[in-house]
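Biologist: Could you take me through one part of this model in close-up? I'd like the salt bridges and the helix packing, with the cut-offs spelled out as you go.

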Amino acid sequence: MEPNATDNTNKNPGLPPVTLRPATIQDIPHIQHIVSISWPDTYGEILSKEQLDYMIDRMYNTRTLREQISATHHYFILWEGSGEGSAAGVPVGFIDVEKQDALYCKLHKIYLLPACKGKGYGRR
């Protein structure tokens, strides 16, 4: 298993195995894909398509994500169907945290694909 990855493969029988791994620059397309599906599902009833497109482009363009990942933000991707000895799995969610001081961090973002909601990933 990769360093700093959390593997919950065998802790919840009957649910797909999941792994939470630190994101790298190479994972930016995965983050963008999750956003392209989760944002319209989450905000589609309160924001116009134009507003959604503007916000997604502003907050999740490759340059912005590259700067954040390279600086103080720590992105982690939730991979479904992954675990020790298996393929990488499918990216189904992500979080973005930033260290504030020695004791605290700030959770900036947490998104999950709509199809994965209700599977109990938040309890794992």
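Modeller: First the yardstick: a salt bridge here is a side-chain nitrogen of Lys or Arg within 4 Å of a carboxyl oxygen of Asp or Glu. With that rule, a search of the whole structure turns up five of them.

Bear in mind that we're looking at a predicted model, where local features need pLDDT of at least 70 and side-chain atom pairs count only at pLDDT 80 or more, while totals for chains, interfaces and linings use all residues. Residues are numbered from 1 along each chain as its sequence is written, and side-chain values use heavy atoms, with hydrogens and water left out.

To get your bearings, the protein has three helices and five strands (DSSP runs numbered from the N terminus: helices are H or I with at least four residues, strands are E with at least two). Reading from the N terminus, the order of elements is β-β-α-α-α-β-β-β. The protein has 124 residues, and 33% of them count as buried (under 20% relative accessible area; over 50% is exposed, in between is partly exposed, with a 1.4 Å probe and protein chains only).

Now three of the salt bridges. Aspartate 41 and lysine 117 bring their side chains together at 3.3 Å, N to O. Aspartate 41 sits in helix H1 and lysine 117 in the segment after strand S5 (105-112), so this pair ties together parts that are 76 residues apart in sequence. How accessible are aspartate 41 and lysine 117? Aspartate 41 has 44% relative accessibility, so it is classed as partly exposed, and lysine 117, at 44%, is partly exposed as well.

Aspartate 53 and lysine 49 make another bridge, at 2.8 Å from N to O. This one stays inside helix H2 (residues 49-60): aspartate 53 and lysine 49 are four residues apart there, which means a separation of about one helical turn. Aspartate 53 is partly exposed with a relative accessible area of 39%, while lysine 49 comes out as exposed at 56%.

Then there's lysine 109 with aspartate 96, at 2.9 Å, N to O. Lysine 109 belongs to strand S5 and aspartate 96 to strand S4 (residues 90-99), so the bridge links distant parts of the chain, 13 residues apart. Both ends are tucked away: lysine 109 is buried at 9% relative accessibility, and aspartate 96 is buried at 0%.

While we're on charged residues in strands, have a look at arginine 21 in strand S2 (residues 18-22). Arginine 21 is also buried, with a relative accessible area of 13%. Its C-alpha is 9.3 Å from that of phenylalanine 94, although 73 residues separate arginine 21 and phenylalanine 94 in sequence.

On to the helices. The axes of H1 and H2 come within 11 Å and cross at roughly 145° (axes are lines fitted to C-alpha atoms, over the stretch in contact for helices, and angles run from 0 to 180 degrees between N-to-C directions). On the H1 side the contact uses Ile31, Gln32, Val35, Trp39, Pro40 and Tyr43, and on the H2 side Leu52, Met55, Ile56, Met59 and Tyr60 (contact means heavy atoms within 4.5 Å). Sorted by class, that's ten nonpolar residues, one polar and no charged ones (Ala, Val, Leu, Ile, Met, Phe, Trp, Tyr, Cys and Pro are nonpolar; Asp, Glu, Lys and Arg charged; the others, Gly among them, polar).

H1 (residues 28-43) also packs on H3 (residues 62-70), at an angle of about 120° and with the axes 10 Å apart. Ile28, Ile31 and Gln32 of H1 make this contact with Thr62, Leu65, Arg66 and Ile69 of H3. The mix is four nonpolar, two polar and one charged. Ile31 and Gln32 of H1 thus turn up again, having also touched H2.

H2 and H3 complete the set, packing at about 40° with axes 5 Å apart. Here Arg58, Met59 and Tyr60 in H2 meet Thr62, Thr64 and Leu65 in H3, giving three nonpolar, two polar and one charged residues.

One overall number to finish: among contacts in the protein with a separation of 6 or more, 55% come from residues 24 or more positions apart.
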